[in-house]
Each structure stands twice: as structure tokens, then as C-alpha cells.
Amino acid sequence: MGFMMAPITVAAMNSVPQKMMSLASGLLNLIMQVSAAFGIAIFGALLTRRRTFHQMTYWSYFTPDNTPLNLLIEKVRHALILSGSALDSVTTKAYYLVASHFQKWASSNAFDDCFLVSAIIVLFGSFLVFLLEDIYPRKGIFGRFKSAGKLTHEHFKPGQGGGE
């Protein structure tokens with residue numbers, strides 16, 4: 001999205017008549033600042049909610065009858081014992097390590113969700129761009145209007161910087 005800001009700004013400013021350039025510039029900056037603030041707020045809230053959702057999902061697996069989880073905790077306990085941890089705190093440390101990995105996985109999944117939502121928004125916006133119509137005709141490199149790709153005698157008037 002960062003690579004798109006300069007072309008969007010150039011396209012927006014090129015579509016405005018010269019006498020309205022200052023108004024358009026101010027309006028464009030206002031829209032960009034307000035939309036950035038709303039985007040940060042919305043995606044911050046989405047990130048928090050999705051992290052909580054994924055944490056609750058992972059915590060629902062923390063049950064005494066979850067055999068794979070119990071095997072994982074046993075393996076972590078065994079690794080802690082081999083590393084020289086005190087025997088009285090090995091079980092607590094094993095649960096803490098597994099829980100901290102659950103939190104990291106929940107955060108990672110929350111970021112994945114936010115990136116997916118932002119990709120959908122960008123794709124939707126990209127398709128909407130094709131529905132926009134040109135309000136003003138496009139200008140050529142010398143400030144004169146293009147004529148559908150055909151060169152005419154209008155392009156080469158003496159004294160105006162064309163083909164003199």
C-alpha cells in the first residue's frame with residue numbers, strides 16, 4: 001500500500017484543474033490523514049479481537065483429557081529435567097512454556113487475519129478504481145490535451161513548445 005500513495009496522489013492531482021489545485025491538495029491530505037487514523041483504529045481493534053479469539057480457541061484445548069497436549073507437556077517436562085531444572089517446578093515451567101507458545105501462535109494468527117482483511121479491502125478498492133470515469137480530459141506532456149493517440153496540427157503550433 002505504501003508504493004501506491006505516490007501514484008494515487010499524482011493521479012488525483014493531475015485530474016484537477018489548475019485553479020482548484022490548492023483546494024484539491026488540502027482535501028487529499030485531509031482524506032489521507034483521516035483514513036489513516038481510522039485504519040489504524042479499526043485494524044488495532046481487529047487485531048486485539050482476533051488475538052483474544054485465537055487465545056480462547058487455544059485455551060479450550062487445555063483440558064486434562066487432551067492426550068496430544070499431555071504428551072507435549074510430558075516431552076517439555078522431560079527436556080526441562082534433562083536440562084537440569086529443579087524437579088519441584090518442572091511441571092509449572094512446562095505448562096508455562098506451552099502456554100507462552102499458545103500466546104505466540106494466537107498473535108501470529110491474529111496478524112494473519114488482519115493481513116487477509118486488508119488484502120480483501122485493497123482488492124475491492126482496486127476493482128472500484130476501474131469503475132471511475134475521467135471527469136477532465138488527460139493532458140499531454142506539454143500541458144495540451146491529448147487527442148486519442150493521434151498527432152494533429154494542433155500539437156505542433158509554432159511558439160508553443162511542440163515541433164517548432
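This note goes through the predicted model shown above, from its overall make-up to two of its helices.

1. Overall make-up. The secondary structure of this predicted protein consists of four helices and zero strands, and the order of its elements, read from the N terminus, is α-α-α-α. Among contacts with a separation of 6 or more, 45% are accounted for by residues that lie 24 or more positions apart.

2. Burial and surface. The protein has 164 residues, of which buried residues make up 16%. About 12900 Å² is exposed by the protein, and carbon and sulfur atoms supply 69% of that area.

3. Helix 2. Helix 2 takes in residues 21-59 and has 39 residues, reaching 56 Å from its first C-alpha to its last, which is close to the 57 Å expected at 1.5 Å a residue. The buried residues of helix 2 are Ala24, Leu28, His54, Gln55 and Tyr58, a list that holds His54 and Gln55 as well as Ala24 and Leu28.

4. A nonpolar patch. On the surface, Leu27, Leu30, Ile31, Val34, Phe38 and Ile42 form a nonpolar patch, and together these residues have about 590 Å² of accessible area. One of them, Ile42, lies in helix 2, and Ile42 counts as exposed because its relative accessible area is 53%, where the cut-off for exposed is over 50%.

5. Dimensions of helix 3. Helix 3 runs over residues 67-82 and has 16 residues, and the distance from its first C-alpha to its last is 22 Å, close to the 22 Å expected at 1.5 Å a residue. Helix 3 is followed by Gly84, a residue whose phi is positive, near 95 degrees.

6. The two sides of helix 3. Which residues of helix 3 are buried? They are Leu69, Ile73, Val76 and Leu80, and because they cover an arc of only 60 degrees around the axis, they sit on the same side of helix 3. The face turned away from this buried side carries the exposed residues Pro68, Leu71, Lys75 and Leu82, so a reader inspecting that face will find Leu71 and Leu82 there along with Lys75.

7. What covers helix 3. What lies over the buried residues of helix 3? The cover includes helix 4, which spans 90-129, and this point is best read together with the preceding one, where the buried residues are named as Leu69, Ile73, Val76 and Leu80.

Definitions and conventions
Residues numbered from 1 in each chain as written. Predicted model: local features only at pLDDT ≥ 70, side-chain atom pairs only at ≥ 80, totals over all residues. Heavy atoms only, no water. Patch = residues over 30% accessible without salt bridge, like charges linked within 9 Å, V, L, I, M, F, W, Y side chains within 5 Å. Areas by Shrake-Rupley, 256 points an atom, 1.4 Å probe, with all protein chains shown as cover. Salt bridge = Lys/Arg side-chain N within 4 Å of Asp/Glu carboxyl O. Helix = DSSP H or I, 4+ residues; strand = E, 2+ residues; numbered from the N terminus. Buried < 20%, exposed > 50% of the residue type's maximum accessible area, 1.4 Å probe, protein only. Expected span 1.5 Å × (residues − 1). Arc of directions from axis to C-beta. Contact = heavy atoms within 4.5 Å.
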